[in-house]
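Me: I'd like a close look at one part of this model. Please take the enclosed space inside the protein and the strands around it. Keep it brisk.

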Amino acid sequence: MKALEALRKLYPDSSRRTLQNWLKAGRFTVDGRPLNREDEELQAGQEIRSAETCKPQLVRGLKVLYEDRYLVAIDKQMGLLSVPLDDGDIKRHALGMLQDHFQTNQIYAVHRIDRETSGCLLFARGKESEWKLKNLFEKHDLKRIYFAIVEGRMKKREGTWHSRLLELESLQVVESEEGRDAITHYEVLKHSPKYTYLKLTLETGRKHQIRVHCSSAGHPVLGDARYGSGEDPIRRMCLHAQHLELVHPFTGKLLKIESPLPHAFKKLTTGFR
C-alpha cells in the first residue's frame, strides 16, 4: 500500500490535499524515519507515527496555521483584506487566494479581521461548515485573544470595556445607545514610559471593537490614525489576532490556533516592564 492510501485510511476526515501538505511538512514518520513521499510503498507491520504539530505551510503567500476537510485557518498578514471590498476594486484578498489555491468557490469567510490587523483568520470549507462556524461566532462560543500596543501608560492593570457600537455610513464605528453590545476584557502585560502592551479577550466581536474601545479609554492603538493615534513607530497598526480557540464543530475536539507575534511587536516592546 502506498503512503497516501495508508494515511487516508488512518485519517478519513482529512482531505487528500491536507494529507499531502502534512507529508510535505514532515509530520509523519514510518519506523522512526521521515515519511514525506506520498507514493512510497509501505509493507504490512510498518508503524506510522504523527507529530502533534507540523510546520505552517505557505499557500501562494498565505501561511496556513491549520487545515482539515472542514476548515482552514491562516496567519493573515497586515495590509491584506480578509474578503473583497463591496466595490470589488481590489482583487487580492485572503478569501480569493484560498479559493484559487483549492480551486473551488466552496471556501467561505465566517469572520473578518481588519485590513490593518494581522493574525488568525478562519474560513469554512463547505456550506455546512460555514453555517456551524458562523453559529459559533454569533453565539461568541469561542475564545479570541488579541495583543495590542496602545498610546499612553494605562493605570489599571485589568478591566472590562462595555459599550454599544454603531457603524455609520462613513464606515466609522462609534459608541451609541443605538448600537450593539460590545465587550472587551483587557490585561496590562507591561509598560514603557510612552506605551502600554495589552492582552485583549473578546467577549463579542463587533467591527473595530478593540480599536474603538482603546480609543474611548484614551489609549488608541498605536498606528491607528482612524481612531486617534498620532504615532506610527513601526509603520503598522499595533494590533494582532494571536489566539483562536473553539470546539471543532464536526470532531468535537478542542482546537487551539495561534499566530506568532510579529517581530516588530517583539522589538518595540523590548525594554517594557
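Reply: A cavity here is a set of grid points where a 1.4 Å probe fits but cannot get out. This is a predicted model. By this rule the count comes to 1 cavity of 30 Å³ or more. Its volume is about 30 Å³.

Which residues line the largest cavity? The lining consists of His-111, Ile-113, Cys-120, Arg-144, Ile-145, Tyr-146, Ala-241, His-243 and Leu-244. Two elements give two or more residues to this lining: strand S9 (143-151) and S14. By character, the lining of the largest cavity splits into 6 nonpolar residues, 2 polar and 1 charged. Tyr and Cys count as nonpolar in this split, Arg as charged.

Now to strand S8, residues 118-125. Is strand S8 mostly covered or open? Covered: 8 of its 8 residues are buried. Buried means under 20% relative accessible area.

Which strands pair with S8? Take them in turn. Strand S6 (residues 71-76) runs antiparallel to S8, and 6 bridges join the pair. Within this pairing, Val-72 has Phe-123 of S8 as its bridge partner. Strand S7 (residues 107-109) is also antiparallel to S8, with 3 bridges. Here Ala-109 stands opposite Phe-123 in S8. Phe-123 is thus named in both places: as partner of Val-72 and opposite Ala-109.

Strand S14 (residues 239-247) pairs with S8 in the parallel sense, over 2 bridges. In that pairing, Gly-119 has Ala-241 of S14 as its bridge partner. Ala-241 brings us back to the cavity, as one of the lining residues. S14 is also one of the elements that give two or more residues to the lining.

One separate sheet rounds off the tour. An open sheet of 3 strands has the order S2-S1-S3, and its pairing is antiparallel. Its edge strands, S2 (33-35) and S3 (48-50), each pair on one side only. On average, neighbouring strands of this sheet are turned by 40° against each other, direction ignored. Strand S1 (residues 28-30) is joined to S3 by 3 bridges, in the antiparallel sense. One bridge there sets Phe-28 against Ser-50 in S3.

To recap the part you asked about: the largest cavity has a volume of about 30 Å³. Strand S9 and S14 each give two or more residues to its lining. S14 in turn pairs with S8, where 8 of 8 residues are buried.

Notes:
Residues numbered from 1 in each chain as written. Predicted model: local features only at pLDDT ≥ 70, side-chain atom pairs only at ≥ 80, totals over all residues. Heavy atoms only, no water. Buried < 20%, exposed > 50% of the residue type's maximum accessible area, 1.4 Å probe, protein only. Helix = DSSP H or I, 4+ residues; strand = E, 2+ residues; numbered from the N terminus. Pairing = 2+ DSSP bridges. Axes fitted to C-alpha atoms, helices over the stretch in contact; angles between N-to-C directions. 1 Å grid on protein atoms, 1.4 Å probe; cavity = no way out; pocket = protein on both sides within 12 Å on 5 of 7 lines; lining within 4 Å. Points joined across faces, edges and corners; volume = space filled by probe spheres on them.
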